[in-house]
Amino acid sequence: MDSKGSDTVVGPRSEDTLPASAATAVKVVIVGGFGVGKTTLVGAVSEIRPLTTEETMTQAGVGVDDNAGVERKTATTVAMDFGRISVNDELVLYLFGTPGQQRFWFLWNGLFEGALGAIVLVDTRRLEVSFDVIGRLEERGVPFVVAVNTFPESPSYPVEELRAALDLPDEVPIVGCDARRRESGRDVLMSLMRYLYSLTTPERP
């Protein structure tokens, strides 16, 4: 068919193009255990239509995936989530959400390539699913902040109790988060940016 008569869209949609003023792009990875809200967070804060790779959960995952506490979850990320948010006219963050199930963790190697930092989403009902995730970040030397996602039935703990339970150094920020709300997700991203900046700024005597 002649291209003039085709309805095929060529190139990115106008709303997906980067602003001409964008000068710096930063890659941020959003990690966490299965069902903690990574896909929700990316979708909430992304200024473009997010790319998701969610698939319906099947019997193949029975006995393999640990879905304790999230038994009602019917879909799961099998590759990655992707979104973008402009912090200001010059700084753009590219967001990559990782799969939560350990059988998909082999994909992390590519997703972490070139990442400046990470957000660890935590569900206080299932803190144990975050232990291995945090351990992998520490092994890779990737700076991160911890965002405690607020679920209606989640218990609330003081920050210092969470820090002790997750065995986090004092300097790693722990912030509250509602992954469904754009403003809350943006605040978490800004917390990460401030933390990364602090790591590059020498302390004054």
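Two strands are said to pair if DSSP finds at least two bridges between them. With that in mind, I turn to the structure above, which is a predicted model. In this model, strands E1 and E5 pair in the parallel sense, and they do so over seven bridges. Within that pairing, Ala25 stands opposite Val92 of E5.

Let me place this pair in the chain as a whole. The chain contains five helices and eight strands. Read from the N terminus, the order of elements is β-α-β-β-β-β-α-β-α-β-α-β-α. The chain has 205 residues, of which 44% count as buried. Its exposed surface comes to about 11400 Å², and carbon and sulfur atoms supply 52% of that area. Among contacts between residues at least 6 apart in sequence, 75% join residues at least 24 apart.

I come now to the sheet. Six strands form an open sheet with mixed pairing, in the order E4-E5-E1-E6-E7-E8. Which strands are at the edges? They are strand E4, residues 81-86, and strand E8, residues 174-177, each of which pairs on one side only. From one strand to the next, the twist averages 25°.

Beginning at the E4 edge, E4 and E5 pair in the antiparallel sense over six bridges. The two strands form a hairpin, with four residues between them. In this pairing, Phe82 stands opposite Phe96 of E5. Strand E5 itself, residues 91-97, is mostly covered, with six of its seven residues buried. As general background, the side chains of a regular strand alternate between the two faces of the sheet.

Elsewhere in the sheet, strand E6, residues 117-122, and strand E7, residues 144-149, pair in the parallel sense over five bridges. Here the bridge partner of Ala118 is Phe144 in E7.

Next, the helices that meet these strands. Helix H3, residues 131-140, packs on the sheet and touches E1, E6 and E7. The direction of H3 makes about 165° with that of E6. Helix H4, residues 159-166, lies across E6, E7 and E8, and runs at about 110° to E8.

I should like to close with two individual residues. The first topic is Asn149, which is found in strand E7. Is Asn149 buried or exposed? Asn149 counts as buried because its relative accessibility is 5%, and the cut-off for buried is under 20%. The side chain of Asn149 reaches the backbone nitrogen of Ala179 at 3.0 Å. Leaving aside neighbours within four places in sequence, the residues in contact with Asn149 include Val36, Gly37, Leu121 and Val122. Ser154, Cys177, Asp178 and Ala179 are also in contact with Asn149.

The other residue is Glu128, which lies in the loop between E6 and H3. Why is Glu128 described as partly exposed? Glu128 has a relative accessible area of 47%, and the term partly exposed applies because that value falls between the limits of 20% for buried and 50% for exposed. How far apart are Glu128 and Gly33 in sequence and in space? Glu128 and Gly33 are separated by 95 residues in sequence, while their C-alpha atoms are 8.7 Å apart in space.

Terms used. Residues are numbered from 1 along each chain as its sequence is written. This is a predicted model: local features need pLDDT of at least 70, side-chain atom pairs count only at pLDDT 80 or more; totals for chains, interfaces and linings use all residues. Side-chain values use heavy atoms; hydrogens and water are left out. Axes are lines fitted to C-alpha atoms, for helices over the stretch in contact, and angles run from 0 to 180 degrees between N-to-C directions. Contact means heavy atoms within 4.5 Å. Buried means under 20% relative accessible area, exposed over 50%, partly exposed in between (1.4 Å probe, protein chains only). Accessible areas come from the Shrake-Rupley method with a 1.4 Å probe; for residues, only the protein chains shown count as cover. A polar contact is a pair of N or O atoms within 3.5 Å; within protein, one must be able to donate a hydrogen and the other to accept it, and residues adjacent in sequence count only if both atoms are side-chain atoms.
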